[in-house]
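The following exercises are to be worked with the sequence and the model at hand. Each task is followed by a stepwise solution.

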Amino acid sequence: MAHTVAVLAFDGMAPFELGVVVEVFGLSRPELADVDWYDLRVCAEEPGRELRAVGGFSLKAEHGLDVLAAADTVIVPGCAADPSAALVGALRRAHARGARLVSICSGAFALAATGLLDGRRATTHWRYAERLAERYPQVEVDPDVLYVDNGDVLTSAGSAAGIDLCLYLVRSDHGAAVANTVARRFVVPPHRDGGQAQFIEAAVAPVGPEEDGVARSMTWALERLREPLTVPGLARVAGMSERSYLRHFTRRNGVSPMRWVISQRVAASLPLLESGEGSVDEIAAAVGFESTATYRHHFGRVMRTTPTGYRRAFARPDGVPA
């Protein structure tokens, strides 16, 4: 049977996060005809009741909390109000059955109310992080990341980080090739490291020669991941001093140039691991790591597993990516 995804709808919701979940898990995917895609259910505490959304429109959810509690993955979008006892109970029942619980933005408050985040690291939108930590002091709130994967409970930052986390779930379930296909249709990057900073100094940087130079250096680097890449070399391609390049790159991307390069090398290694061909040593060299030990270290930081563990999970015996 298809993996069931339940997403919570509620009165007063902001529609973007619900739309992200529907787009990723509910859209028909003829380009993935060989993939057993998800079965999406939109749920509410009172199915059939008209729910108002921000922006002046309303919708109705067909399913109730009983369907949510029976799903394989449960996603709670940003929710300003305190969760009801009924919702908390449904989330706990879902988790007890082995479901994967996921929050986007302030949906972390609903997950925290279940007690399932106690003693665990979690994130939410940076504006709500202090409030989450105050209300639930047993939760280790990290306001500086895009998403946190605790295996059975995952949390993400602001609305757009929900896209990153949903694609991460697809990649975890079906592999990088499938996630890349979904991201391509979404017209977004297929992977952003969950540890990447969620707050960037200038979300929309002013257009100028510096930004053009940074973009040029990134394109240049992506074409040469196998080669040695350094900040001085990237700065030369951008036509900037190292100090200026570091400042503009970090402002634009939220991470340092070399951390970005490392994440791109790890991402480039995923389809190679899934193909089942080549040793880990060969793949490490193919994507530009100086040694296999360095590759394993950074792979573990980004993917929270080992290259071998990832290959075991996502490569089929016939060499066709899972």
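**Exercise 1.** Why is the sulfur of Cys 166 in no bond with the closest cysteine sulfur?

Solution. The model is predicted: local features need pLDDT of at least 70, side-chain atom pairs count only at pLDDT 80 or more, and totals for chains, interfaces and linings use all residues. Residues are numbered from 1 along each chain as its sequence is written, and side-chain values use heavy atoms, with hydrogens and water left out.

Step 1. A disulfide is a pair of cysteine sulfur atoms within 2.5 Å.
Step 2. The closest cysteine sulfur to that of Cys 166 belongs to Cys 105 and lies 13 Å away, which is too far for a bond.
Step 3. By the disulfide rule, the count is 0. Cys 105 is likewise in no disulfide, its nearest cysteine sulfur being that of Cys 79, 11 Å away.

**Exercise 2.** Determine whether Cys 105 and Cys 166 are buried or exposed.

Solution. Step 1. Buried means under 20% relative accessible area and exposed over 50%, with partly exposed in between (1.4 Å probe, protein chains only).
Step 2. Cys 105 has a relative accessible area of 6% and is therefore buried.
Step 3. Cys 166, at 1%, is buried as well.
Step 4. In the chain, 51% of the 322 residues count as buried.

**Exercise 3.** Compare the radius of gyration of the chain with that of a compact globule.

Solution. Step 1. The radius is taken over C-alpha atoms, and the globule rule is 2.2 Å times the number of residues to the power 0.38.
Step 2. For 322 residues a compact globule would have a radius near 20 Å; the chain has 21 Å, which agrees.
Step 3. The C-alpha trace spans about 60 × 50 × 40 Å along its principal axes.
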